[in-house]
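Let us take a friendly walk through a protein structure, one step at a time. Have a look at the model below, and then read on.

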Amino acid sequence: MTFYQELQLGQAGSKNLIRACETPRDRLLHTLIYLFKIALTVGFCFCFVTLYSMAFGSANSIVGVVVLLYLLVFRAADLCLHIGQSTALLASFLVLSAAAPHLAHLAGPLPGFFINLASIAFLILFGCHEPRMFNQSTLVLGYLLLYGYDVSGRDFTLRLAGIAFGALLVCTVFLCKHRSRSIPLRIRDIPVAFSLHHPRSRWQLCQIFCVPLVVLLAELAGLPRAMWAGIAAMSVILPAAEDMHYRVRRRVLGNIAGVLCFVILYFLLPPSIYAFIGVIGGIGVGLSAKYGWQAVFNTFGALAEAYGLKAALGLRLLQNVFGVLFALVFCLLFSRMLARFSAPAENS
C-alpha cells in the first residue's frame, strides 16, 4: 500500500492496519501516517471554511461546512444512480437546502413543517436509494444545518452565491471522480421502485416524516436550534431495528459524556481557548472509528459556539435525548402500522 492509498483509508481502515502491524517500527510508522492524515484533514477543513467565510460573510460559514461535507463524502461515494443525473441531483440538493429552509422560516412552524417535509422527501427518495451508503448523513444533515443557521437580507443573497459556487465545485469533483462508472439506474426508476412492502421504502418514510416532525415539536416547545433534535433523530433512523437500538444507546451515552467533557474543558481552559474546543472535537471525530465516540466529540463542535455552561448542561443534551427517543418510538409505531397495512397484500 502506498502512502497516498493509506491516506485514503477511513478511521476503521487505518486502525485495522495499525493493529495488523507485526513490528513496533511498522506500528509507529503507520500511526504517524494516521496522525498526519488527521492533522491534514482538520487543517484543510479549517482553511476551507475560513476562506468561505471571508468570501461570503461570517454568517455563511455554515455554507462552507455544508459544501465541505458534500466534497468529502461525494468524492468517494455516489448516489447509486446514473452519474450524469446524479451530478444534476447534487446541484439541486444544494440549491434546495439553501432556499427551502429560508422559506420554511418565513412561513412559520406549521407551514414550515410541510416545506421541510417535502424537501426532505426529495432528498431521501432521490439521494438515499441505497441505505447502506448513509447519504442521509450528508444530505439531511446539510439541510438541517442551513435551516438552523438561517440568514436574511444581503446575507441570504451571499448564501445563494456561496451555494452556487459550492454546487459548481461539488459537481466538478464528483464528475472527475465518478465519470468512468456505468450505473444503469435512472431518476425515472426511483418512483417505480418505491413500495410500502420494501424495507428501504419504509425506512425512507420514517426519515421523511419523523425528522421534520421532531423539528416542529422542538420549535413549538420553544427550544432554540431545533435542528439539533432533527439531526439526532436522523442519525439513529436505520433500516434494521437492532442497528437503530444500538445507535440510540450510543447517541444518548455519547452526548452525556460529551457534555460532561465539555464542562470540564470549560472550567479548565482559559476563555481565550474556548474557540478551539470545536477543533478538539474535530480531531476527536477523526480519531474515532465507533459511533459512540463520534457522538462524544461531535458534541464539542455543536457546543463550541455557545460556550455557556447552561447550554452545555441543558440544551444540547435535552434536544439529543428528545430527538433519538422520539425517533425510536415513532419508527417502532410507524413500522407496525405499515406492517398491518401491507399484511393483507403480502398474505394474498
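Is Leu125 buried, partly exposed or exposed? Leu125 counts as partly exposed, because its relative accessibility is 24%, and the cut-off for buried is under 20%. Before going further, please keep in mind that this is a predicted model. Leu125 sits in helix H6, which covers residues 109-127. Setting aside neighbours up to four places away in sequence, Leu125 is in contact with Ile190, Phe194, Gln204 and Ile208. One of these partners, Ile190, is 65 residues away along the chain, yet the C-alpha atoms of Leu125 and Ile190 are separated by 7.4 Å.

Now step back to see the whole. The protein has 15 helices and zero strands. Of its 348 residues, 46% count as buried. Contacts such as the one just described fit into a wider picture: among contacts with a separation of 6 or more, 75% are between residues 24 or more positions apart.

Next, turn to the interior. The largest nonpolar core holds 74 residues, and those with the most contacts inside it are Tyr70, Leu90, Phe93, Leu144, Ile237 and Met244. Helix H10, residues 199-220, gives the most to this core, with nine residues. To get a feeling for the surroundings of one core residue, look at Phe93. Not counting residues up to four places away in sequence, Phe93 touches Tyr70, Leu79, Phe122, Leu123, Phe126, Gly127 and Leu139.

Helix H10 is also the home of Ala218. This residue counts as buried because its relative accessibility is 1%. Beyond its neighbours within four places in sequence, Ala218 touches Leu223, Ala226, Ala229, Gln319 and Phe322. Ala218 and Gly323 are 105 residues apart in sequence, while their C-alpha atoms are 8.8 Å apart in space.

One of the partners of Ala218 is Ala229, and Ala229 is among the buried residues of H11. What can be said about helix H11, residues 227-236, as a whole? Helix H11 is largely enclosed by the rest of the structure, because 10 of its 10 residues are buried. They include Met227 and Trp228 at one end of the list, and Ser235 and Val236 at the other.

Aromatic rings offer another way to explore the fold. A pair of aromatic rings is described by the distance of the centres and the angle of the planes. A search of the whole structure finds 13 aromatic pairs. In one of them, Tyr52 and Phe165 are tilted, with 6.2 Å from centre to centre and 55 degrees between the planes. This pair links distant parts of the chain: Tyr52 belongs to helix H3 (residues 24-56) and Phe165 to helix H8 (residues 154-178), 113 residues apart. Tyr52 is buried, with a relative accessible area of 4%, whereas Phe165 counts as partly exposed at 44% relative accessibility. Ring pairs also join these two with Phe44, Phe48 and Phe56 into a cluster.

A second pair brings us back to Phe322, which we met as a partner of Ala218. The rings of Phe322 and Phe326 have their centres 5.8 Å apart and their planes at 40 degrees, so this pair is tilted as well. Phe322 and Phe326 are separated by about one helical turn because they lie four residues apart in helix H15 (residues 309-347). An α-helix has 3.6 residues a turn, so residues three or four places apart point the same way. Phe322 counts as partly exposed, at 25% relative accessibility.

Helix H15 plays a part in the second largest pocket too, giving the most to its lining with five residues. How many residues line this pocket? The lining consists of 16 residues, and Leu238, Pro239, Ala241, Cys331 and Ser335 lie nearest the centre. H10, helix H12 (241-268) and H15 are the elements that give two or more residues to the lining. The pocket has a volume of about 250 Å³.

Our last stop is Thr87, in helix H5 (residues 83-107). Thr87 counts as buried, at 9% relative accessibility. Its side chain reaches the backbone oxygen of Ile83 at 2.8 Å. Leaving aside neighbours within four places in sequence, Thr87 is in contact with Cys171, Phe174 and Leu175.

Technical notes
Residues numbered from 1 in each chain as written. Predicted model: local features only at pLDDT ≥ 70, side-chain atom pairs only at ≥ 80, totals over all residues. Heavy atoms only, no water. Phe/Tyr/Trp six-rings, centres within 6.5 Å; stacked < 30°, edge-to-face > 60°. Buried < 20%, exposed > 50% of the residue type's maximum accessible area, 1.4 Å probe, protein only. Polar contact = N/O pair within 3.5 Å; in protein donor to acceptor, adjacent residues only side chain to side chain. Contact = heavy atoms within 4.5 Å. Core = buried A, V, L, I, M, F, W, Y, C linked by side-chain atoms within 4.5 Å. 1 Å grid on protein atoms, 1.4 Å probe; cavity = no way out; pocket = protein on both sides within 12 Å on 5 of 7 lines; lining within 4 Å. Points joined across faces, edges and corners; volume = space filled by probe spheres on them.
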